[in-house]
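Here are a few exercises to help you find your way around. Try each one yourself before you read on to its solution.

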Amino acid sequence: MSVLVFVEGLNGEVKKSSLEAATYGSQVAQQLGTTVTAVAIGEVKEDALARLGEQGISKVLYDGDERLSQFVANAYVKVIAKAVEQENARVLVFSNSNIGAAIGAKLAVRLNGSLATNVTALPKIEGDSFTVTRGVFSGKALADVALTADPKIIAIKKNSIDITSGGGTATVENISAELTDADFSEKPKETVMQETDGVLLPEAAIVVSGGRGMKGPENWHLIEDLAKELGAATACSKPVSDMDWRPHHEHVGQTGITVSPNLYIAIGISGAIQHLAGVNSSKVIVVINKDPEAPFFKAADYGIVGDAFEVVPKLIEAAKAL
Ligand code: FAD
């Protein structure tokens with residue numbers, strides 16, 4: 001009986017969100033007094049998988065079938081289910097990423113398990129009782145959910161867990177779920193990665209985001225310059241992308257991307273509930289708005305009441321001097 005973590009790769013490396021899942025899985029294994037194994041699919045380098053030992057993973061099962069380089073839900077589910085059965089896993093952990101969200105329910109049905117998504121903290125385990133805390137209502141509230149059937153499947157919210165390091169090296173073994181052409185009958189999901197100076201928005205540690213208060217696309221050099229100085233990705237509110245000031249892949253919120261960076265800087269954004277839904281799990285939120293009554297200030301850790309066209313150039317100068 002063990003804990004199993006599903007890890008995703010990006011450009012040959014393990015995604016940050018999967019390192020969070022690996023840390024979480026190791027900590028659950030410690031609570032249960034058992035071991036933790038990972039299963040990896042697609043294009044991840046072997047040394048990157050071995051480094052999962054840093055997060056306490058002892059063994060990584062790897063399926064390098066070339067057809068898995070693009071996400072195909074049924075094929076991914078089959079490989080992960082095979083790993084769960086092989087390892088007799090009682091708990092399965094992965095990130096609540098786009099892929100995680102797409103496979104969670106399918107895995108729960110296939111394995112007769114119980115599922116909790118958007119989980120934000122380690123479980124409370126007392127005897128047979130296993131309870132996790134998950135975000136609900138777009139992160140506005142938390143709910144405690146009892147998971148009963150094994151395997152207990154936990155999709156953790158990005159940025160909820162601090163990645164630990166300091167363990168050893170994981171061994172890497174092949175796993176084969178004997179995939180057939182039928183497992184690939186659905187069209188693979190094409191993943192298009194949009195980067196800002198090499199920083200991917202969903203994985204970014206810092207995000208600089210602009211709203212309608214920026215007045216027009218001709219002023220976006222301020223957002224881009226600040227992002228460049230901070231090594232951040234750029235983002236925007238929905239009206240900004242609707243008006244084609246910025247591309248749609250930068251739109252964050254309820255109908256856009258969800259981001260969970262360490263630092264989210266919102267410039268000229270009012271803080272509507274639909275926008276907050278996509279950013280409110282950021283660790284630190286800084287709001288720059290000329291209206292002291294802007295709702296975003298209620299969600300902010302730090303606020304600057306001021307004109308973006310005066311404040312942002314000063315921030316860029318300050319960042320250059322760092
Ligand atoms: P505004 O509301 O116009 O706010 C502009 C802000 O800039 C104001 O607070 C103003 O004080 C400030 N400002 C103006 N000039 C300056 C200046 N010079 N310096 C500093 N500050 C200045 N929105 C999203 O963002 N993401 C979503 O996913 C999303 N989904 C939605 C889904 C539905 C079903 C609906 C109905 C709406 C959705 N919206 C979404 C829209 C949302 O309700 C808001 O209308 C939107 O977020 C407002 O964008 P904004 O803050 O950029 O613009």
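## Exercise 1: Across the domain interface

Let's begin with one pair: Asp162 and Lys283 form a salt bridge, and their closest N and O atoms are 3.2 Å apart. Keep in mind that this is a predicted model.

**Task.** Work out which domains this pair belongs to, and describe the interface between those domains.

**Solution.**

1. Start with the bounds: the domain assignment gives domain 1 as 2-184 and domain 2 as 201-321. Asp162 therefore falls in domain 1 and Lys283 in domain 2, going by the assignment's bounds.
2. Check the distance against the cut-off: a salt bridge needs the nitrogen and the carboxyl oxygen within 4 Å, and here the closest atoms are 3.2 Å apart. The rule finds one salt bridge across this interface.
3. Next come the polar contacts: five residue pairs are in polar contact between the two domains, both residues at pLDDT 80 or more. On the domain 1 side, the residues touching domain 2 are one nonpolar, four polar and six charged.
4. Now the overall picture: the C-alpha centres of the two domains lie 31 Å apart, and eleven residues of domain 1 are in contact with ten of domain 2.
5. Finish with the area: the domains bury about 910 Å² between them, with 40% of it on carbon and sulfur atoms. In domain 1, Ser138, Lys158 and Asn159 lose the most area to domain 2, together 54% of what that side buries.

## Exercise 2: A loop threonine

**Task.** Is Thr169 buried or exposed, and which residues beyond its sequence neighbours is it in contact with?

**Solution.**

1. Find Thr169 in the loop between strand E11 (152-156) and strand E12 (171-174).
2. Its relative accessible area is 63%, so Thr169 counts as exposed, the cut-off being over 50%.
3. Leave aside neighbours within four places in sequence, and Thr169 is in contact with Ala50, Gly53 and Ser58.
4. Take Ser58: it is 111 residues from Thr169 in sequence, yet their C-alpha atoms are 7.2 Å apart in space.

## Exercise 3: Backbone oddities

**Task.** Where do Asn118 and Glu178 sit, and what is the phi of Asn118 and of Glu178?

**Solution.**

1. Recall the usual case: most residues other than glycine have a negative phi, and most peptide bonds are trans.
2. Asn118, in strand E7 (residues 114-119), has a positive phi near 60°. At 21% relative accessibility, Asn118 is partly exposed.
3. Glu178, in the loop between E12 and strand E13 (195-196), has a positive phi near 50°. At 64%, Glu178 is exposed.
4. One peptide bond to look at too: from Asp150 to Pro151 the bond is cis, with omega near -5°. Pro151 lies in the loop between strand E10 (141-146) and E11.

Conventions. Residues are numbered from 1 along each chain as its sequence is written. This is a predicted model: local features need pLDDT of at least 70, side-chain atom pairs count only at pLDDT 80 or more; totals for chains, interfaces and linings use all residues. Side-chain values use heavy atoms; hydrogens and water are left out. Contact means heavy atoms within 4.5 Å. Buried area is the accessible area (1.4 Å probe) that two parts lose on being put together, summed over both. A salt bridge is a side-chain nitrogen of Lys or Arg within 4 Å of a carboxyl oxygen of Asp or Glu. A polar contact is a pair of N or O atoms within 3.5 Å; within protein, one must be able to donate a hydrogen and the other to accept it, and residues adjacent in sequence count only if both atoms are side-chain atoms. Ala, Val, Leu, Ile, Met, Phe, Trp, Tyr, Cys and Pro count as nonpolar, Asp, Glu, Lys and Arg as charged, and the others, Gly among them, as polar. Helices (H or I, at least four residues) and strands (E, at least two) are DSSP runs, numbered from the N terminus. Buried means under 20% relative accessible area, exposed over 50%, partly exposed in between (1.4 Å probe, protein chains only).
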